[in-house]
Structure formats: structure tokens, C-alpha cells
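Work through the exercises below with the sequence and the model open. Each task is followed by a solution in steps.

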Amino acid sequence: MLKISFIGLLCAQITLCFAEEEMILDAPENAYWHGPSQSWFVSNLGGGLSLDKDGVGWVARFDASGAVAAPRWVDGLDAPTGMAAYDGDLYVTDRGRVHQIEINSAKIKRSIALPDSQFLNDVAATADGRIFVTDTATNRIYEITAGEVKVWVESTALQNPNGLWVDGDKLIIAAWGPMTDVATFATEHPGTLLQIDLGTKEITPVGKGEPIANFDGVVSVEDAYFATDWTGGRLLKISKKGEVSVVLSGFQQLADLGFNPQQKQLGLPVMKDNRFILLSLEP
């Protein structure tokens, strides 16, 4: 592992877990920290930047330090993206379905189909077991509860939702931006950070709702959000009032991040370079 001291807008330590020649990663899309097992899970599209239903995607597993624990922890998926855990199971978004995987055994317990979906993307879980999934192409958020699926919210106000994070009684949405071409992901303007009240389903912006980035992922850290700008290759810090600062830049296809609150550490997958980076937020 290569450890680099980084001084800039944020004092940090970067741990580069590995690069593409080892082929443990292939278009890594999401990093998810699971506290009970002290594991980082990283989803891989497989076959490069491909969303084909080809069975060549997988989830890799790492320990808290970033060392490889199981390079093909669960294999044979299509193009897995977002992940979230609840009650000992990891929910993994795939093409047209969500896999419910038992973490202790690495076995798929069931695959839940989401009807009429087009581009399932991220997933988030509440403390009481409500599973939310974005469908970026259709401006939908599905809810899965006890295996039952329904469309929870569908609205153009979602601005083609990508990343999800549960923050108290709010569901935070990292929007890609209103798409003008689903095939190329072109947008009318960049997306913003949104929040949905879990009780009333009211959609409001974080801050003024101004265009910020083609967002991929978002996590909540204390009194702020950290979000990835996939197109711009930036890691952004956004206050609860919507104030934006650039933490890191210069990446290509910085994808859906995770957060380890015990070590105050972000997990950042870089799709273009097939890298998984651990970034310490401690000075």
C-alpha cells in the first residue's frame, strides 16, 4: 500500500489500496463500510464501464486497513452499483434487481426484482429496515420493506437521482442533474443536493438548490455532507446550508463513496483508474 500525506483544503492521509494491474477492481462503482464485520465492500461493474447483463460483475471485500480480504467475495453479478446493509444482510443494486446477501456466509438469499426500472443505482437503509433504491433514468425512488416493492417517490424534482444517504428523518439525494439523453447521461445542467422527508415525502434542496455537479455518491459526516462529482472528478464538502468547497480534485470518474465513522475515513472508488482510496479526515 502507498500512503501519501496530503495538505490542502483538508488535512488528510490517503491510502491507495491498489491499481488496475492487479485486476482486483474493474470499474469500481461503490464503496460501503460495514461496521459489524469491520469490512469495506466495493462493487465492480466488470468489463470496464459497462452496464450489460453479462454476469461478470462482483463485490470485493477489504478489511479496515484496506487490505484485500476476499477479491471476489460475491461473483457472477451483472453490473452491481450501490450497497447498504441491514440486519446482517448486504443489499446490492444490480441491473433490474437488488440482491440480498447474507454477510456472514456471502450467499445470495434472494434477488428482488424492481418492476419497470431502467437504471437502478444506489441504495440506502433506515434503522427500521426500509430499503430505498434510486432509478436514475426514471426519476424514481423505490422502497423495499420486508421484501415488498413499491415506487415510493416519482418526480422530475428528483433531477435524476443517483446517490442516497439516510440522515436522521431525511433521505439525502445526490442528483445527477436533469438528463437530456439517457444513453449518454447528458444533462440540461448539473445536479444539486436534495433531501426528502421520510414521513411527508416533501422534496427540498440542501441550501438554495443551485446546480453543483453530476453527483454520484453522498455521505453525512457530522455537520456536513461529502459528495463525489463523477464528471468533474472532485470530492466536495457541502454544509447543511448548501455551501460548497472542493476537498480533492484531479480524479477521473470518482464514484460512490462510503464512510467509516470509527476511523473518520472516506472510501473512494475511482472507476477510470480501477482504484480504491481510503481518505482520513483526521488532521
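Accessible areas come from the Shrake-Rupley method with a 1.4 Å probe; for residues, only the protein chains shown count as cover. The model is predicted: local features need pLDDT of at least 70, side-chain atom pairs count only at pLDDT 80 or more, and totals for chains, interfaces and linings use all residues. Residues are numbered from 1 along each chain as its sequence is written, and side-chain values use heavy atoms, without hydrogens and water.

**Exercise 1.** State how much area the chain exposes and what share carbon and sulfur atoms supply.

Step 1: The exposed area is about 11600 Å².
Step 2: Carbon and sulfur atoms supply 48% of that area.
Step 3: Of the 283 residues, 57% count as buried (under 20% relative accessible area, 1.4 Å probe, protein chains only).

**Exercise 2.** Describe the largest nonpolar core.

Step 1: A nonpolar core is a set of buried Ala, Val, Leu, Ile, Met, Phe, Trp, Tyr and Cys residues joined through side-chain atoms within 4.5 Å.
Step 2: The largest such core has 25 residues, and W73, L90, L114 and V133 have the most contacts inside it (contact: heavy atoms within 4.5 Å).
Step 3: Among the elements that give two or more residues to this core are β6 (68-77) and β13 (140-145); strands are DSSP runs of E, at least two residues, numbered from the N terminus.
Step 4: β6 gives the most to this core, 4 residues.

**Exercise 3.** Find a core apart from the largest one.

Step 1: Another core, of 16 residues, lies apart from it.
Step 2: Its members include F251, F259, L266 and L279.

Conventions:
Buried means under 20% relative accessible area, exposed over 50%, partly exposed in between (1.4 Å probe, protein chains only).
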